[in-house]
Amino acid sequence: MKLEIIRKIIGGILLVSLISLIFFQPLQQYLAIPKTITMFEGQDYILQKAAPVSAALKNNSHKSNITLDQENHSISVNANKKGKNEVLLEYAGIPIKKVDVHVLKDFRVMPGGQSIGVKLNTVGVLVVGHHLINTEDGKKSPGELAGIKIGDMITEINGSKIEKMTDVAPFVQTAGQDGKALDMVISRESGKITTKLTPLKDKGENTYKLGLYIRDSAAGIGTMTFVHPQSKKYGALGHVISDMDTKQPIVVEDGQIVRSTVTSIEKGSNGDPGEKLARFSSDREVVGNIQKNSPFGIFGELNKELKNGVLDKPLPIALSHQVKEGPAKILTVVNDDQVEEFTIEIVSTIPQKFPATKGMVIKVTDPKLLEKTGGIVQGMSGSPIIQDGKLIGAVTHVFVNDPTSGYGVHIEWMLNEAGINIYETPKDKAS
């Protein structure tokens with residue numbers, strides 16, 4: 001009986017000790033320190049400490065790629081050159097934490113902010129609607145009868161590749177006059193399908209029709225985010241371009257970007273997002289191509305130099321875990337083609353380990369921008385976000401019920417989509 005009581009007393013002491021440890025501030029801090037830190041050459045990483053903890057490097061030779069500066073309440077990890085190392089944290093001579101440190105080669109890109117015009121050419125022609133043909137036998141839509149859906153891409157007719165709307169008409173009239181069905185190849189999200197479509201005559205116009213509304217290109221405006229000086233690769237918009245009718249992402253065959261000029265602003269208000277009204281520059285000079293339309297924006301290569309006139313120098317970038325809450329700024333155009341700086345606040349940020357589109361919540365704080373636009377408006381997507389002299393991401397979406405706030409995407413994922421590997425040295429990329 002006495003033994004049982006002693007066991008209970010010891011168990012209680014251990015439980016109280018464990019609970020005390022959980023709420024012990026130094027322990028909480030060291031549990032919060034990441035197991036791996038990734039940083040670029042020339043950067044520092046501060047580890048906060050609330051107890052007399054010492055730190056040591058596994059490789060502490062004169063060739064070590066990192067150094068440590070130890071203060072009473074913090075340890076600064078200084079990245080000197082590319083490589084890997086380990087920081088060992090000890091308390092009273094007892095190891096309590098091991099942190100792997102990866103130092104990447106210094107990497108910089110040119111920030112954007114310029115207003116750009118976007119012209120996308122689709123893979124085939126896009127079906128954006130059905131319409132009824134007034135035939136002798138009543139109103140019918142051959143396209144709908146053939147099982148063709150809104151959002152489908154018509155890529156082939158009778159074995160011939162379809163690239164633009166004018167490719168379609170000759171097949172329709174010939175098949176209608178011969179009374180033959182067209183062999184259609186359709187591309188949709190679930191894969192390719194084949195179907196037969198018989199054009200019908202419109203008795204009012206005496207012409208044969210498909211009963212489909214189709215489109216072969218799309219155009220709009222957005223904002224340049226970054227340009228990689230060495231490869232001329234760029235990223236813009238920060239979100240996918242979807243068709244305005246089908247709401248589906250546009251599958252890009254190719255496309256172009258041109259300079260654009262903001263003519264006016266429709267100010268945003270609660271429940272009604274505003275918009276930049278812009279036109280393509282008068283010379284419509286193509287400054288780059290579009291190779292990809294993805295959830296992280298549009299990507300391709302420039303063939304002309306683009307300068308923003310505000311910050312025309314390469315900036316280092318911040319990885320998602322290096323972004324912090326607090327003040328930042330964006331580069332964007334609200335008048336003509338003049339890029340300007342405006343202040344914002346990073347309300348929250350998620351240190352993402354895998355690519356995701358909504359990594360930050362941002363809020364416009366600049367009185368001048370709030371007066372001009374009401375906050376974030378359509379056409380501002382892609383505006384680069386800069387914090388502490390580093391490019392950290394791009395504006396993507398506005399909150400419909402609060403036009404002063406919206407989402408941002410981390411620059412790490414946009415660079416990844418552009419095919420730029422920040423984890424390699426420039427020499428590695430060239431090879």
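**Exercise 1. The largest pocket**

Which element gives the largest share of the lining of the largest pocket? Work through the lining of this predicted model, from volume to chemistry.

*Solution.*
- Step 1: Start with the space itself. The largest pocket holds about 930 Å³.
- Step 2: Find the centre. The lining has 32 residues, and those closest to the centre of the pocket are I221, H239, I241, S242 and Q378.
- Step 3: Look for the elements that give two or more residues to this lining. They are β9 (115-130), β18 (212-227), β21 (275-280) and β30 (390-399).
- Step 4: Pick out the main contributor. The largest share comes from β18, with seven residues.
- Step 5: Sort the lining by class. There are 17 nonpolar residues, ten polar ones and five charged ones.

**Exercise 2. The second largest pocket**

Describe the second largest pocket, and find which domains each supply at least three residues of its lining.

*Solution.*
- Step 1: The volume of the second largest pocket is about 430 Å³.
- Step 2: Its lining is made of 15 residues, and T36, H321, P351, Q352 and K353 are the ones nearest the centre.
- Step 3: Two elements, β1 (36-40) and α6 (411-417), each give at least two residues to this lining. Of the elements, β1 gives the most, namely three residues.
- Step 4: By class, the lining splits into eight nonpolar, five polar and two charged residues.
- Step 5: Now bring in the domains. Domain 2 (33-92) and domain 3 (110-116 + 218-418) each provide at least three residues of the lining.

**Exercise 3. The two sides of a helix**

Why do the buried residues of α4 count as lying on the same side of the helix? Identify them, then see what lies on the opposite face and what comes just after the helix.

*Solution.*
- Step 1: Helix α4 spans residues 169-178, and its buried residues are V172, A175 and G176.
- Step 2: These residues lie on the same side of α4 because they cover an arc of only 100 degrees around the axis.
- Step 3: A general rule helps here. An α-helix has 3.6 residues a turn, so residues three or four places apart point the same way.
- Step 4: Ask what the buried residues pack against. Their partners are β14 (182-188) and β17 (207-209).
- Step 5: Turn to the other face. The exposed residues P170 and Q177 sit on the face turned away from the buried side of α4.
- Step 6: Move just past the helix. There, G179 has a positive phi of about 70 degrees.

**Exercise 4. Two residues of one strand**

Q256 and V258 are in strand β20. For each, decide: buried or partly exposed? Then list the contacts.

*Solution.*
- Step 1: Take Q256, in β20 (residues 252-266). Its relative accessibility is 22%, so Q256 is partly exposed; the limit for buried is under 20%.
- Step 2: Next, V258 has a relative accessible area of 1% and is therefore buried.
- Step 3: Leaving out residues up to four places away in sequence, Q256 touches G117, V118, K119, N121, V286, G288, N289 and I290.
- Step 4: On that basis, V258 touches I116, G117, K119, F280, R284, E285, V286 and V287.
- Step 5: Check some C-alpha to C-alpha distances. Q256 is 9.6 Å from E285, with their positions 29 residues apart in sequence. V258 is 9.4 Å from I221, and here the sequence separation is 37 residues.

**Exercise 5. Positive phi outside glycine**

K232 and L237 are non-glycine residues with a positive phi. Where does each one lie, and how accessible is each?

*Solution.*
- Step 1: Phi is near 65 degrees for K232 and near 75 degrees for L237.
- Step 2: K232 belongs to the loop between β18 and β19 (233-236). L237 belongs to the loop between β19 and β20.
- Step 3: K232 has 45% relative accessibility and so counts as partly exposed, whereas L237, at 4%, counts as buried.

**Exercise 6. A buried strand residue**

Place A394 in the fold and name its contacts.

*Solution.*
- Step 1: A394 is in strand β30, an element that also contributes to the lining of the largest pocket.
- Step 2: With a relative accessible area of 0%, A394 is buried.
- Step 3: Setting aside neighbours within four places in sequence, A394 contacts T225, G382, S383, P384, I385, Y407, G408, V409 and M414.
- Step 4: Finally, A394 and G112 are 282 residues apart in sequence, while their C-alpha atoms are 9.9 Å apart.

Terms used: Residues numbered from 1 in each chain as written. Predicted model: local features only at pLDDT ≥ 70, side-chain atom pairs only at ≥ 80, totals over all residues. Heavy atoms only, no water. 1 Å grid on protein atoms, 1.4 Å probe; cavity = no way out; pocket = protein on both sides within 12 Å on 5 of 7 lines; lining within 4 Å. Points joined across faces, edges and corners; volume = space filled by probe spheres on them. Helix = DSSP H or I, 4+ residues; strand = E, 2+ residues; numbered from the N terminus. Nonpolar A, V, L, I, M, F, W, Y, C, P; charged D, E, K, R; others polar. Domains from an automatic or database assignment. Buried < 20%, exposed > 50% of the residue type's maximum accessible area, 1.4 Å probe, protein only. Arc of directions from axis to C-beta. Contact = heavy atoms within 4.5 Å.
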